[in-house]
Every structure is written in C-alpha cells, then in structure tokens.
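Visitor: I would like to know how the terms used for a structure are earned. Could you take me through them one by one?

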2 protein chains.
Amino acid sequence: MERGVFFVSDRTGITVETLGGSILAQFAGVAFRKSTLRFIDTPERARAAAGVIEQSARELGIRPIVFTTIIDPAVRAELARGGGLVLDLVDAFIAPLEAEFGRPAARAVGVTHGALDTGRYTLRMDAVNFALATDDGLNEVDYDRAELIVLGVSRSGKTPTCLYLALTYGIYAANYPLTEDDFENPRLPAALAGRRTKLFGLSIDPRRLQEIRQERQPGSHYASLKQCQREVHQAESLYRAAGVPWIDTTRMSVEEIATTILQTTALQPRAG
Amino acid sequence: MERGVFFVSDRTGITVETLGGSILAQFAGVAFRKSTLRFIDTPERARAAAGVIEQSARELGIRPIVFTTIIDPAVRAELARGGGLVLDLVDAFIAPLEAEFGRPAARAVGVTHGALDTGRYTLRMDAVNFALATDDGLNEVDYDRAELIVLGVSRSGKTPTCLYLALTYGIYAANYPLTEDDFENPRLPAALAGRRTKLFGLSIDPRRLQEIRQERQPGSHYASLKQCQREVHQAESLYRAAGVPWIDTTRMSVEEIATTILQTTALQPRAG
C-alpha cells in the first residue's frame, strides 16, 4: 500500500523536499508516492494544492503526509483544508523564537533567504563563468583570481565540485588536472607552486575510478586498473609531499565534497 | 547586540542552513552571527560543537540559537549540553509520523536521502558532462539525448540553469543560444524544429541584460540597450510563434528558474 506524500513550498521546494525526504528515510518499509508542489504562494494556489491532496487521499485510501515550509498563515490555512497530516517545518519554530527575541515574526514571504538578490545572482554567475573558463587547466593565468584550486587526476570529481561551489556559494574555484607530466618530479607543478594556500586535492578509490573511466573509454589504457592505481598513488604522494589538504571522494556526494572543502579551508561563502 | 546562531548537521549542513536562514529572515532587526557546524555525527564531535556554542554564549553574553537536523539521539543529547535554544528540525516530526505509521523510526544516520549512492552520483556526473559538452550550441547532434533544451539570448542564464538541473536532479539539459541568424525567419532553427516538446525559453528584462553584458564587454554594440531590447523582443516573438513555453528570469534565482522549468514541463528528476 502506498501513501501520498506532498512537499509543499511557497518557493522552489528544494529545502522541503530534502528535509522531508530525510525524515521519511527514517521509516524503512513504508511505501510513499511523493510529489512536490512549488510556488504555492497565494490562497488560490493553496486551494488547488489542497484539492490535489484530497484526491490522493481518495485514490490511495489513506491520509497523505504533507510537509510544508509555507510562511503566510492565510496560505497555510487553505492548504490544511486538503486534510493531510500537515507537518509544518517553519511555523513550529516561529513561536519559540518570538518568545526568545521578544518580538513578533514578519510572517511574510519574500523576506526569505536568497529571494531576488541580483547582486548575489551576479556573483554566482561570475563564479560559474570563472569555473567554466578555468576548467581542466585552461587559462592558468586566471589562477590569480581563484579563491580555491582543486587538484585531482582525470575523473576524480573536480569539475562538478567547482561548479557546485560556484553555483551555491559564489566561490571562485578553478581546477587543475594532475597528469603524468606532473608526476615526474615530487614537487608541485610550476603553475601551482606559488599558490599553495589555495590548493585542495581530491582522491578516489582506484577501482571506483576505473569504473568511471571505463564508461567513457572502455578498454583503454587510461581506464585500466593499473593506470588508475598508479595515478591515484602518485597524486596522493604529491599531496603529502607538498602539504596539500586532500580527501577521498569515493563515498561522497558532490554536496559533501564541496562542504567538506569549505569546512577544511575555512573559505567564506560569498553568496550562500 | 549580536546573537550567535549555529546550524548543526550530521551531514553537509546545506538544508539546515537554508531552512534555518528562512526562519530567521522572519525576524527583521535582530542581528545574528551565523556559523555552520557540519558532519557532527559522533558524540565526540557533538561535544566539541557544544563547546563552541558555550563559547558564543560567553562571548556575546546571550543564549545562542541552535538549529539542528541531527538524527542520532546520543549525538543530539551531547549537542544540547552546549546550552543554546535548540530548534530541532527533524526530531519534532518523527513522533507524529511514528504514530501515523504505527512503527518506530530508525533514528540512524546514513539512511538519509542521497548518502553514498554511487548510481545517483554517476547519473548526476553524466548529466553535468552532458551539459558541458552541449553548452552554448556545441555538439548539436547530442540534442537527441537531451531531455530539455534551454533557449535564450546570450547571457540570459542558460548555462547556470542547465548546470543546476544536472547537478541537482541529474537532468540532461542542453542549451541553445539564440542569435541574429535565428531571428531572420519566424520559425524555429533547424536544429530545434523536430524537438519542440523538449524546448524551454528564457527571457530577461533588456535593462538587466544590458547590465550583465556591460560587465563583460563594456561599451560594445553587443551590450547596448538597443541591441538587448531587439534580441529580447525577437526571442519572445519566436517563443510565442513556435509555442515554446518561456519565463522571464529577471527577478529569479537559479534555483527558481530550474524548479519553475521542472514544474512547467513535468520533467521527472532522475537523481533528486
């Protein structure tokens, strides 16, 4: 038997999906049919959403679960008429904070984090353009503008990490691919030598690297386990010799890699 | 007077930062000193975090606010010893769901959304590589593999939108830049004509476009208001004539553009 689950937001729904998903993941063995209802920011839209929720209750024969982060009380009231079990991820925390701060909350949309800030948008876009322009060792001269230079062998996750840091935090992150040439001597490549404080290394289990490379170039020398082992070993030796902080990304998501770098380097997000 | 705020997570902290930030944004006029404590997944780490929280209380002379999404009760118990006002964004919702489902929650980390799923990682990486390979009209042949083709004039936000959809949802999104050549006749460019159902258009206020282009090529014809007005007008005419759904991105964040596209096209995230 499936149960309907609705993630309802007055904005993008990204946060309510993630947090609601984490909470539901604590219940193994319950089958869910999940939907996200985004941009529910007027009583009219909430009424339509309530209709969808009622429909799920009728169709599946069981009360749906409704996670919401809607701020406006009038919109929330309409939503509640859909009859689901409403779990309000914002409102529950407003009252204790009102008591703590000794002042009422605004209870208005649009004051929320990240809305309509063109300065922040521009910063993030510049950072994405920077990541693209310096991707894979292009334009080494731009390393001066980089706040972070991510090192790693081919397919170790450098590009998505840099793009994620740019898109989410507005961080100027370049990446530098370590190749055979860089391993010929135990020192940092010339392009990086004067920029040690900006460097961060990625590593990966050679077997996982082999899998990833096989998908791109099946049967190649490049994708052989031996070559992957060799490159990973040399990259890790270089990190150690040069004192570059590094992590093993094998079991990490892009978000985890990016936030671990933030944590380790104490880089300050400029547009988070 | 500033008040310390801590976003504490057993994983990346991205969700607790966002949701906690939205909640705090409801309180204008209160000054916060915000920090994120990530990967707090053992009692030892929680003890260290509690120390940081205590330190803030002493230094600022006021009880800190602590938002947390930590799952493990033992870790949470240690954190609570820091003495802040703890607002638990997960635990508050576990009990009502246990009652509703008639079964206990696992209360364990690692079962949460997105952890250690290499299939999902690979899908997202493939999608990022696809977005990069087809960026700005490169490799038109790959449009067959695209689930979505984002249209727009230069600097209207196509690339970050496609990268965001790839990184976050594993969606294969290509982008196609509309240029003077495409405006010579009122039909869709040949590369797009057979793929109407995959198309989505971006538009933007010409004055905002001018600002963005001026930063890249100050004083150019390309960045003149007249040229921006002309291109935007022609792009919108094309969308209307060809029946391509489109949005005005002027006041939207990348997240909002991406999720609006999901909403409008009913594209299914493959790795959300």
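**How the words are earned**

Guide: Start with α1(A), in a predicted model. Of its 11 residues, 10 are buried, so α1(A) is largely enclosed by the rest of the structure.

Visitor: Which residues of α1(A) are buried?

Guide: They are Ile14(A), Thr15(A), Val16(A), Glu17(A), Thr18(A), Leu19(A), Gly20(A), Ser22(A), Ile23(A) and Leu24(A).

Visitor: What covers the buried residues of α1(A)?

Guide: Both chains take part. The cover includes β1 (2-8), β2 (31-37) and β3 (65-68) of chain A. It also includes α1 (14-24), α4 (91-101) and α10 of chain B.

Visitor: Why does Thr36(A) count as buried?

Guide: Count the C-beta neighbours. Thr36(A) has 21 inside 10 Å. The cut-off for buried is 20 or more. Therefore Thr36(A) counts as buried.

Visitor: Where does Thr36(A) lie, and what does Thr36(A) touch?

Guide: Thr36(A) sits in strand β2 of chain A. Leaving out residues up to four places away in sequence, Thr36(A) touches Phe7(A), Gly13(A) and Glu17(A). Thr68(A) is 32 residues away along the chain, and the two C-alpha atoms are 10.0 Å apart.

Visitor: Now the two chains. How many residues does each chain bring to the contact?

Guide: Chain A brings 56 residues and chain B brings 56 residues. On the side of chain A, the elements giving two or more residues are α1 (14-24), β4 (85-88), α4 (91-101), α5 (118-133), α6 (158-169) and α10 (254-265). α1(A) gives the most, with eight residues. By class, that side of chain A has 31 nonpolar, 15 polar and 10 charged residues.

Visitor: What makes the relation of chain A to chain B that of a two-fold axis?

Guide: Two copies of a chain are related by a rotation about an axis and a shift along it. Here the turn is 180 degrees and the shift along the axis is 0.0 Å. Chain A then lies on chain B with an RMSD of 0.1 Å. That is the relation of a two-fold axis. In chain A, Thr15(A) has the C-alpha nearest the axis, at 2.9 Å. The same surface serves both copies, as 98% of the contact residues of chain A recur in chain B.

Visitor: Why is α6(B) called roughly perpendicular to α10(B)?

Guide: Look at the angle. Helix α6 (residues 158-169) of chain B packs on helix α10 (residues 254-265) of chain B at about 70 degrees, with axes 9 Å apart. Roughly perpendicular covers 65 to 115 degrees. So α6(B) is roughly perpendicular to α10(B). The crossing of α6(B) past α10(B) is right-handed. α6(B) supplies Pro160(B), Thr161(B), Tyr164(B) and Leu165(B), while α10(B) supplies Val254(B), Glu255(B), Ile257(B) and Ala258(B). By class, this contact has six nonpolar, one polar and one charged residues.

Visitor: What makes α8(B) oblique to α9(B)?

Guide: Again, take the angle. The axes of α8(B) and α9(B) cross at roughly 125 degrees and come within 9 Å. Roughly perpendicular runs from 65 to 115, and roughly antiparallel is over 145. The angle falls in neither range, so α8(B) is oblique to α9(B). α8(B) passes α9(B) in a right-handed crossing.

Visitor: Which residues make the contact of α8(B) with α9(B)?

Guide: From α8(B) come Pro206(B), Arg207(B), Leu209(B), Gln210(B) and Arg213(B). From α9(B) come Leu225(B), Cys228(B), Gln229(B) and Val232(B). By class, five are nonpolar, two polar and two charged.

Terms used:
Residues are numbered from 1 along each chain as its sequence is written. Chains are lettered from A and ligands numbered from 1 in the order in which they are written. This is a predicted model: local features need pLDDT of at least 70, side-chain atom pairs count only at pLDDT 80 or more; totals for chains, interfaces and linings use all residues. Axes are lines fitted to C-alpha atoms, for helices over the stretch in contact, and angles run from 0 to 180 degrees between N-to-C directions. Helices (H or I, at least four residues) and strands (E, at least two) are DSSP runs, numbered from the N terminus. Angles under 35 degrees count as roughly parallel, over 145 as roughly antiparallel, 65 to 115 as roughly perpendicular and the rest as oblique. A crossing is left-handed if the near helix is turned anticlockwise from the far one by less than a right angle, and right-handed if clockwise. Two residues are in contact if their C-beta atoms, placed from the backbone, lie within 7 Å. Ala, Val, Leu, Ile, Met, Phe, Trp, Tyr, Cys and Pro count as nonpolar, Asp, Glu, Lys and Arg as charged, and the others, Gly among them, as polar. A residue is buried if 20 or more other C-beta atoms lie within 10 Å of its own, exposed if 12 or fewer, and partly exposed in between; C-beta atoms are placed from the backbone. Copies are superposed by least squares on the C-alpha atoms of residues with pLDDT of at least 70 in both.
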